[in-house]
Amino acid sequence: RPGNIGGGSYEREMGKADERTWVAHVHAEVVPGKSKTAFRTLAEALEAWRGVRTPGLIRVLDGSACDVDGMTIGEAPLVCPDEPNEARRLTIEALSGETPSLRGVLRVVGLGTGLVLVLNGFWIDGRLKIEGRVDARLEHCSLHAVTAQRLAGDDSGPVAAIETAAVGPDCPKISLYACLVGPLALAGGQLLSVESVVDGREDGMAILGSPGATIVRSTLIGGAELAALDALDSILGGPLQLTGAG
């Protein structure tokens, strides 16, 4: 599959919804009020999901841009799910062949039993800030923090495309599948990278924060600070520091 990584207009496998899954669609030309599960913006769909007790699937049908600056996924109050001891689950995906963009800094929070979040098929022109008990899986996404950094007037050097923070004992888990991403600043936790590229930019560090990492058929451009490393058929393009932390 040469070239079929990152957010792109190529064909991608779509998520599958069972009978329990709440399915919503986003399109810029949706007629307001015509359907309870069709929305003009991602923000409207996410607000509706806050009141859903079952797993959610939000599918973006066009190549529109969405401003996510200041938006938070997973913040309280959320309704209690049907299975109160299970993590809430949400998939946000682009229609196969489309490449919508998310612009700005998107915050993701895992409270209580946590949040499982899948992002599939997006060009993310900004950053992800992920906190707490979150299992975040990015599939076929391109994520670069350059625009967010420029808009903030920050010229101090590369900033993290994905930044995580622990909440108490809970550290986010990050999984990348066929993604192109900028530097990662991960507060421990676990990282899985499969067929992806992590670019530290300007001879910087690709990964900081000492997560445990499994790297499979992936490339790191820059150094990495890791608690532990399990690598297969991968290229590490910088110094590796194993801290044994976490």
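Strand β6 (residues 88-94) runs parallel to β7, and 6 bridges connect the two strands. The model examined here is a predicted one. Within the pairing of β6 with β7, Arg89 is placed opposite Val116 of β7. On β8, the residue that stands opposite Val116 is Asp135. Val116 therefore has a partner in β6, namely Arg89, and a partner in β8, namely Asp135, where a strand is counted as paired once at least two bridges are found. The pairing of β7 with strand β8 (residues 123-139) is also parallel and comprises 16 bridges.

Two further strands pair with β7. Strand β4 (residues 65-67) is joined to β7 by 3 bridges, in the parallel sense. In this pairing, Ala65 has Ser101 of β7 as its bridge partner. Strand β5 (residues 72-73) is likewise parallel to β7, with 2 bridges between them. Here Ile73 is matched with Val108 of β7. Strand β7 itself spans residues 101-120, and 14 of its 20 residues are buried, so the strand is largely enclosed by the rest of the structure.

Charged side chains were examined next. The whole structure contains 9 salt bridges. One of them links Glu93 and Arg59, with a nitrogen-to-oxygen distance of 2.5 Å. Because Glu93 belongs to strand β6 and Arg59 to strand β3 (residues 56-60), this pair ties together parts of the chain that are 34 residues apart in sequence. Both ends of the pair are buried: Glu93 has a relative accessible area of 0%, and Arg59 has a relative accessibility of 16%.

A second salt bridge is formed by Arg217 and Glu195, whose closest N and O atoms are 3.3 Å apart. Arg217 is located in the loop between β17 (212-216) and β18 (219-221), and Glu195 in the loop between β14 (190-194) and β15 (197-199), so the contact ties together parts 22 residues apart in sequence. Arg217 is partly exposed, at 43% relative accessible area. Glu195 is also partly exposed, at 27%. Elsewhere, salt bridges with shared partners connect Glu47, Arg50 and Glu75 into one network. Within this network, the closest N and O atoms of Glu47 and Arg50 are 3.8 Å apart. Glu47 is exposed, with a relative accessibility of 52%, whereas Arg50 is buried, with a relative accessible area of 17%.

Glu47 falls within the residue range of helix α1 (residues 42-49), in which Leu42, Ala45, Leu46 and Trp49 are buried. These four residues lie on the same side of α1, because they cover an arc of only 100° around the helix axis. An α-helix has 3.6 residues a turn, so residues three or four places apart point the same way.

The cysteines were considered as possible bonding partners. The structure contains 0 disulfides. Cys66 takes part in no disulfide, and the nearest cysteine sulfur, that of Cys141, is 14 Å away. Cys66 counts as buried, at 14% relative accessibility. For Cys179, the closest cysteine sulfur is again that of Cys141. The distance between the sulfurs of Cys179 and Cys141 is 5.0 Å, which is too far for a bond, because a disulfide requires the two sulfur atoms to be within 2.5 Å. Cys179 is buried as well, with a relative accessible area of 0%.

Internal empty space was also assessed. Rolling a probe the size of a water molecule over the atoms shows where empty space is left. The structure contains 1 cavity of 30 Å³ or more. The volume of the largest cavity is about 40 Å³. The lining of the largest cavity is made up of Leu220, Gly222, Gly223, Ala224, Leu236, Gly237, Gly238, Pro239 and Leu240.

Notes. Residues are numbered from 1 along each chain as its sequence is written. This is a predicted model: local features need pLDDT of at least 70, side-chain atom pairs count only at pLDDT 80 or more; totals for chains, interfaces and linings use all residues. Side-chain values use heavy atoms; hydrogens and water are left out. Buried means under 20% relative accessible area, exposed over 50%, partly exposed in between (1.4 Å probe, protein chains only). A salt bridge is a side-chain nitrogen of Lys or Arg within 4 Å of a carboxyl oxygen of Asp or Glu. The arc is that of the directions from the helix axis to the C-beta atoms. On a 1 Å grid over the protein atoms alone, a cavity is a set of points where a 1.4 Å probe fits but cannot get out, and a pocket is an open set with protein on both sides within 12 Å along at least five of seven lines; lining residues have an atom within 4 Å of a point. Grid points are joined across faces, edges and corners, and a volume is the space filled by probe spheres set on the points.
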